[in-house]
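Colleague: Could you take a close look at the salt bridges for me? I'd like to know who pairs with whom and where the partners sit.

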Amino acid sequence: MKIGIDIGGSHIASGLVDKNGKLISKESRDINISKINDEKRVESLIIEIIDNEINILLEKNDFTRGDISKIGIAVPGSPKDTKIRNLVNLHIKEFDLGNKLKEKYNVNVKIKNDGKCAGIAEKKYGSLKKYSDCVFLCIGTGVGSSVFLDDELLEPKQNPGFEFGHMVIDKEGRKCNCGKNGCFETYASMKRFKAEAISAFDMSIETEAEEVQKYIRENINKKNVKDFVDEYLTNVSIGLSNIINIFEPQAISFGGSFSYYCDIFLPILKEKIEKLKFNKDTKVDLITAKLKNDAGIIGATEI
Ligand SMILES: [Zn+2]
């Protein structure tokens, strides 16, 4: 039995996964570091949360530590070997989490970028199963991604790569957290989408994402809402057309909070992309991710 761990910007989720990629049981905790300034204390908090979740998972499912055959971790940033690196939201520059857990549980621990883990799960068990050349795009706060050609995940040696979120689509565009201007992420991010919807439709600053979505769905035929969505998707389509023209994927699967809008967004995107494709005969299916929030955990056990 394998354990998959998904470290996000504000939560850590762990799950028990069987040999067929099925998530048997899952635990998730928020990680609040707003009052912690010390990197070392954040590190021990991460270990504490993971330890607590694993103990509960084992107890709940009548397993012992000896039953764990492997631990896999999905994490943002640029993990390398057993180290997690550049976790902006958790203020971690570099931390050897893999070795810490290896010592504790005496099992093999593997770490990979979360966009790659989720893509691996979608490719093996989810929406991308039948495609050999395909792209997974997780559009949430940021943009995570993975690319498969001929059924293989493309993996550069130096860093996880495929930072589509930081592909510039407007050289004089919006300022990005990475320091550049006009990165795809500053236009495609669902965090930005929500913030701009709140301002465009005069909503309260505290409006929840679900309420924003409800409003957009109910008013999608009104001109101002239609134009707002159209402008957002025009920007997304520019980024997507770059990806399509470079990799010629047979399909792109969308995960993250973007996926909650796929039924409205994908038909519009499809139309826009038709006009931006270099090779007019390229056929690309735009589809919704299947494994939702579990993709990172499941994919982490496959690395
Ligand atoms: Zn950027």
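**A close look at the salt bridges**

Modeller: Let's start with Arg 65 and Asp 51, whose side chains meet in a salt bridge, 3.5 Å from N to O. This pair ties together distant parts of the chain: Asp 51 belongs to helix H1 (39-60), while Arg 65 is in the loop between helix H1 and strand S4 (70-75), 14 residues apart. Arg 65 is partly exposed, with a relative accessible area of 34%, whereas Asp 51 counts as buried at 16%. Keep in mind that this is a predicted model.

Over in helix H5 (190-200), the setting is more local. Glu 196 and Arg 192 form a salt bridge, again with 3.5 Å from N to O. Both lie in helix H5, four residues apart, which is about one turn of the helix. Glu 196 counts as partly exposed at 28% relative accessibility, and Arg 192 is also partly exposed, at 29%.

Then there's Arg 217 with Asp 263, where the closest N and O atoms are 2.7 Å apart. Here too the pair links distant parts of the chain: Arg 217 is in helix H6 and Asp 263 in helix H8 (residues 262-276), 46 residues apart. Arg 217 is partly exposed at 32% relative accessibility, while Asp 263 is exposed, with a relative accessible area of 53%.

Not everything comes as a simple pair, though: Glu 27, Arg 29 and Lys 60 are linked in a network of salt bridges. Searching the whole structure turns up 17 salt bridges, including the ones between Arg 65 and Asp 51 and between Arg 217 and Asp 263.

Conventions. Residues are numbered from 1 along each chain as its sequence is written. This is a predicted model: local features need pLDDT of at least 70, side-chain atom pairs count only at pLDDT 80 or more; totals for chains, interfaces and linings use all residues. Side-chain values use heavy atoms; hydrogens and water are left out. Helices (H or I, at least four residues) and strands (E, at least two) are DSSP runs, numbered from the N terminus. A salt bridge is a side-chain nitrogen of Lys or Arg within 4 Å of a carboxyl oxygen of Asp or Glu. Buried means under 20% relative accessible area, exposed over 50%, partly exposed in between (1.4 Å probe, protein chains only).
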